[in-house]
There are 2 protein chains.
Amino acid sequence: MNDKPSPLRETDEAARRLARTLLRSARHAAMAVVDPASGFPSVSRVLVGTDIDGAPVILVSTLSAHTRALANDNRASLLAGEPGKGDPLAHPRLSVQCLAKPVARDTDLHQRLRERFLARHPKSKLYIDFADFQFFRLEPQSASLNGGFGRAYVLSGDDLLILSPENEYIAVNGKLIVRHLLAASPSLPATLTQNETALQKRNWAIYAMDAAGFDLKSADKLARYEFDAPLKSQGDIRLMITKIAGTVP
Amino acid sequence: MNDKPSPLRETDEAARRLARTLLRSARHAAMAVVDPASGFPSVSRVLVGTDIDGAPVILVSTLSAHTRALANDNRASLLAGEPGKGDPLAHPRLSVQCLAKPVARDTDLHQRLRERFLARHPKSKLYIDFADFQFFRLEPQSASLNGGFGRAYVLSGDDLLILSPENEYIAVNGKLIVRHLLAASPSLPATLTQNETALQKRNWAIYAMDAAGFDLKSADKLARYEFDAPLKSQGDIRLMITKIAGTVP
């Protein structure tokens with residue numbers, strides 16, 4: 001037994017949903033690695049995307065210090081969730097411990113990550129194909145969510161992943177599914193983002209989907225809509241489509 | 001000789017000034033430490049202040065994971081500089097490698113840090129005196145500045161410190177000096193912040209000074225005005241006062 005007062009709360013579905021939303025709607029994150037020469041931790045800013053299973057993805061120059069550090073020790077930590085107005089510590093943020101896996105070019109995985117990253121960060125087109133730029137999948141091992149003062153939660157790596165047998169199907173067919181949904185329900189992006197504080201009047205668009213939800217953007221803002229539960233079968237996908245068609249004009 | 005193209009530029013005074021300004025005007029930073037149990041780097045958000053010599057200062061709970069990590073290995077890394085609109089990587093940011101030194105209570109140093117931290121973060125009054133909260137001075141060892149794409153610079157720890165024999169004098173008399181300056185030149189805060197993009201109409205106030213410049217705030221925005229060179233003598237202090245009185249109405 002530990003007699004110290006624990007600042008941790010029991011991790012519930014609301015905490016998991018907040019953590020996933022923070023990670024999946026991040027444009028950028030602070031990434032920490034261990035510097036091989038000095039042993040110091042080293043933190044820098046990276047653009048982030050996600051793979052179809054929710055794993056964070058970074059695109060980095062092989063000339064950069066953080067990439068050299070990852071080649072030596074692939075343990076990394078990401079901080080996602082930007083503070084808005086008022087006290088920076090009152091805003092939720094997520095720290096994720098990950099193992100960084102380099103992604104070889106000329107693979108299906110590279111092609112998928114490239115397409116998803118470009119949809120999220122169109123300006124990366126300028127350098128995404130440079131010979132010295134490389135993708136890493138950052139596979140979550142554990143995480144801690146700070147939802148604001150006194151609201152701390154511990155999560156597992158799997159809490160942040162989308163464990164669905166339909167991941168590959170949706171990776172291939174997600175664009176078609178979204179196009180179909182929008183044809184039937186043109187107001188879908190506006191409906192999905194109606195809880196975005198003070199951002200309701202923006203021109204939101206769905207730029208990607210996966211088995212757990214939709215990724216939306218409006219100018220340089222990103223948002224995330226999470227389904228009630230991940231789609232785990234063709235039946236789940238059909239139900240989601242039917243539900244949206246029945247409730248969204 | 002290294003035949004690889006170096007992404008580093010020669011560190012000049014403009015780079016040092018940008019680095020100091022980023023660090024000294026930060027409200028919060030991402031701080032990375034090494035987790036003692038797993039060896040993983042771990043990054044989280046902290047409020048930051050500065051000591052009179054420019055060293056970053058944090059106030060953290062001894063119950064938090066980062067504080068336990070620092071007790072085991074006091075090597076830390078701070079990322080300062082928030083992205084604004086547009087591409088997050090086009091905005092300058094600074095990574096600083098530091099050694100974290102705990103600050104004992106009931107010392108002059110603790111009293112000084114407490115006063116400076118409260119001036120920057122008034123809401124910390126709610127917990128600054130809690131028994132389980134502790135200050136650390138983060139003493140800079142080295143740093144890297146990324147001023148935007150292709151603009152990378154290496155800095156020394158001393159580049160970020162204010163090495164002046166007048167530090168202690170200004171720590172004691174800074175408030176009086178500022179009061180004197182404002183009585184003679186009421187528009188001083190507005191003049192010092194006239195280059196703050198799109199923030200010119202805010203109600204800026206000087207809340208602290210040190211031998212290298214003034215700290216300014218307006219609601220939850222911070223700004224930094226750096227002197228041309230640090231004040232290193234009583235003569236320098238008098239010259240600064242005379243210059244402001246002669247140029248600012």
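This report walks through two three-stranded sheets, one in chain A and one in chain B, and then the interface between the chains, all taken from a predicted model.

## The sheet in chain A

Let's start with chain A, where 3 strands make an open, antiparallel sheet in the order β8-β9-β10. Strands β8 (205–210) and β10 (221–226) of chain A each have a single partner strand, so one side of each is left without a neighbour in the sheet. From one strand to the next, the twist averages 25°.

Strand β9 of chain A covers residues 213–218 and pairs with β10(A) in the antiparallel sense through 6 bridges. If you would like a landmark here, look for Phe214(A), which stands opposite Tyr225(A) in β10(A). Helix α1 of chain A (residues 13–24) packs on this sheet and touches both β9 and β10 of chain A. The direction of the helix makes about 145° with that of β10(A).

## The sheet in chain B

Chain B also has an open sheet of 3 strands, in the order β8-β9-β10 and with antiparallel pairing. At its edges are β8 (205–210) and β10 (221–226) of chain B, each of which pairs on one side only. Direction ignored, neighbouring strands of this sheet are turned by 25° against each other on average.

In chain B, β8(B) and strand β9 (residues 213–218) run antiparallel and are joined by 5 bridges. Ala208(B) is a handy residue to find, as it stands opposite Asp215(B) in β9(B). Lying across β8 and β9 of chain B is helix α4 (residues 167–184), which runs at about 140° to β8(B).

## Where the two chains meet

Now for the interface, in which 42 residues of chain A are in contact with 41 residues of chain B. Together the two chains bury about 3400 Å², with 64% of that on carbon and sulfur atoms. On the chain A side, the residues losing the most area to chain B are Phe40(A), Val43(A) and Arg45(A), which together account for 22% of what that side buries.

Arg45(A) also forms a salt bridge with Glu82(B), with the closest N and O atoms 3.7 Å apart. The count of salt bridges between chain A and chain B is 2, and 12 residue pairs are in polar contact across the interface.

Which strands of chain A each supply at least two residues of the side that touches chain B? They are β1 (28–34), β2 (41–50), β4 (75–80) and β5 (93–102). The largest share, 6 residues, comes from β2(A). By type, the residues on this side of chain A divide into 21 nonpolar, 11 polar and 10 charged.

Terms used:
Residues are numbered from 1 along each chain as its sequence is written. Chains are lettered from A and ligands numbered from 1 in the order in which they are written. This is a predicted model: local features need pLDDT of at least 70, side-chain atom pairs count only at pLDDT 80 or more; totals for chains, interfaces and linings use all residues. Side-chain values use heavy atoms; hydrogens and water are left out. Two strands pair if DSSP finds at least two bridges between them. Helices (H or I, at least four residues) and strands (E, at least two) are DSSP runs, numbered from the N terminus. Axes are lines fitted to C-alpha atoms, for helices over the stretch in contact, and angles run from 0 to 180 degrees between N-to-C directions. Contact means heavy atoms within 4.5 Å. Buried area is the accessible area (1.4 Å probe) that two parts lose on being put together, summed over both. A salt bridge is a side-chain nitrogen of Lys or Arg within 4 Å of a carboxyl oxygen of Asp or Glu. A polar contact is a pair of N or O atoms within 3.5 Å; within protein, one must be able to donate a hydrogen and the other to accept it, and residues adjacent in sequence count only if both atoms are side-chain atoms. Ala, Val, Leu, Ile, Met, Phe, Trp, Tyr, Cys and Pro count as nonpolar, Asp, Glu, Lys and Arg as charged, and the others, Gly among them, as polar.
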